[in-house]
Amino acid sequence: MERLKQSLRGGRQFLREGTKTCTGGGTGFIGTALTQLLKARGHEVTLVSRKPGPDRITWDELATSGLPRCDAAVNLAGENILNPLRRWNETFQKEVLSSRLETTQILARAINKAPQPPQAWVLVTGVAYYQPSLTVEYDEDSPGGDFDFFSNLVTKWEAAARLPGESTRQVVVRSGVVLGRGGGAIGHMLLPFRLGLGGPIGPGHQFFPWIHIRDLAGILTHAVEASHVQGVLNGVAPAPTTTNAEFAKAFGAALSRPAFIPLPSVVVQAVFGRERAVMLLEGQKVVPRRTLATGYQYSFPELGAALKEVVA
């Protein structure tokens, strides 16, 4: 099989079978789903991780020896911000920053120095770039990134990924809350909701931008394969905007359980800290305008179907 095959569909170029993709942070919840999809589509995947192993290189090896020959690079690495077992203090904040910025910088430098740089460079950040609001609707061209710790983090994160020149196509996917089996937000919520103890978080009227894990992996694969895709994409579902209370009701319905016991704001703030609790108690109305315009077709555009698949 030749290293890279390409096809033309409607005048657009797509990477196909034999594509070599290097993925940072590819062993986590999102990375595992992405790797499975890429391999199913004929990609050869090399993971960049802390531990060596088959089809892997370590971050230290990447920094010292450079990027292996690849057609695309993706970075998913980053410490879980909403880890309830970690206190929101200066030490953890530094870990959150360094786990994102340093890995992104290492990959970006390796791409920039590669004799044959990859054709695509894809980074996953978050919708925390946009300021929480009960009225404003955000698309990929909306302003943001300068009002709190998390929005500034996204700004620095995306800046760390930028490459000079145009030899490599650059894509940023700002992800919403990822729904899927065995991890992500559902992993923390499943037990109380199964016990009938679930409900909205805080007031419940805050927006809840979400995406099914299969669609986030699909958007990333689309960004890797389709040569016309570049710039910022919002990684959220195209369904009518969902509030936290509506999500809780739909999740309870998918499990055939009641879901009306709210989690008080004071409890959320006590567990996560006031600054971090904002991510749960406030939200943004985000739409994937440019994502849809690129031609990506969602597998789970509606919340009900997405949740039924997750809990099946």
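Start by selecting strands E4 and E5 (residues 56–58): the two pair in the parallel sense over 3 bridges. Strands here are DSSP runs of at least two residues (E), helices runs of at least four (H or I), numbered from the N terminus, and two strands pair if DSSP finds at least two bridges between them. For a marker, show Val 48, which stands opposite Ile 57 in E5.

Before moving on, a word on the model: it is predicted, with local features needing pLDDT of at least 70, side-chain atom pairs counting only at pLDDT 80 or more, and totals for chains, interfaces and linings using all residues. Residues are numbered from 1 along each chain as its sequence is written, and side-chain values use heavy atoms, with hydrogens and water left out.

Now add strand E3 (residues 20–24), which runs parallel to E4 (residues 44–49) and is joined to it by 5 bridges. Here Lys 20 stands opposite Glu 44. Bring in helix H1 (residues 29–40) as well, and you have a right-handed β-α-β unit of E3, H1 and E4; right-handed means that, with the strands pointing away from the viewer, the path from the first strand over the helix to the second runs clockwise.

Next, select Cys 22 and Cys 70. Why is there no bond between Cys 22 and Cys 70? Their sulfurs are 3.5 Å apart, too far for a bond, because a disulfide is counted as a pair of cysteine sulfur atoms within 2.5 Å. Cys 22 is buried at 2% relative accessibility, and Cys 70 is buried at 4% (buried is under 20% relative accessible area, exposed over 50%, partly exposed in between, with a 1.4 Å probe and protein chains only).

Turn to the salt bridges, 11 in total, each a side-chain nitrogen of Lys or Arg within 4 Å of a carboxyl oxygen of Asp or Glu. Select Asp 141 and Arg 290, whose side chains meet at 2.4 Å, N to O. This pair links distant parts of the chain: Asp 141 sits in the loop between strand E8 (137–138) and helix H4 (149–161), Arg 290 in helix H10 (residues 289–293), 149 residues apart. Asp 141 is exposed at 53%, whereas Arg 290 is partly exposed at 21%. Add Asp 139 and Arg 289 to show the network of salt bridges that links these four residues.

For a last salt bridge, pick Arg 214 and Glu 309, with their closest N and O atoms 3.3 Å apart. Arg 214 belongs to helix H6 (residues 213–225) and Glu 309 to helix H11 (residues 303–311).
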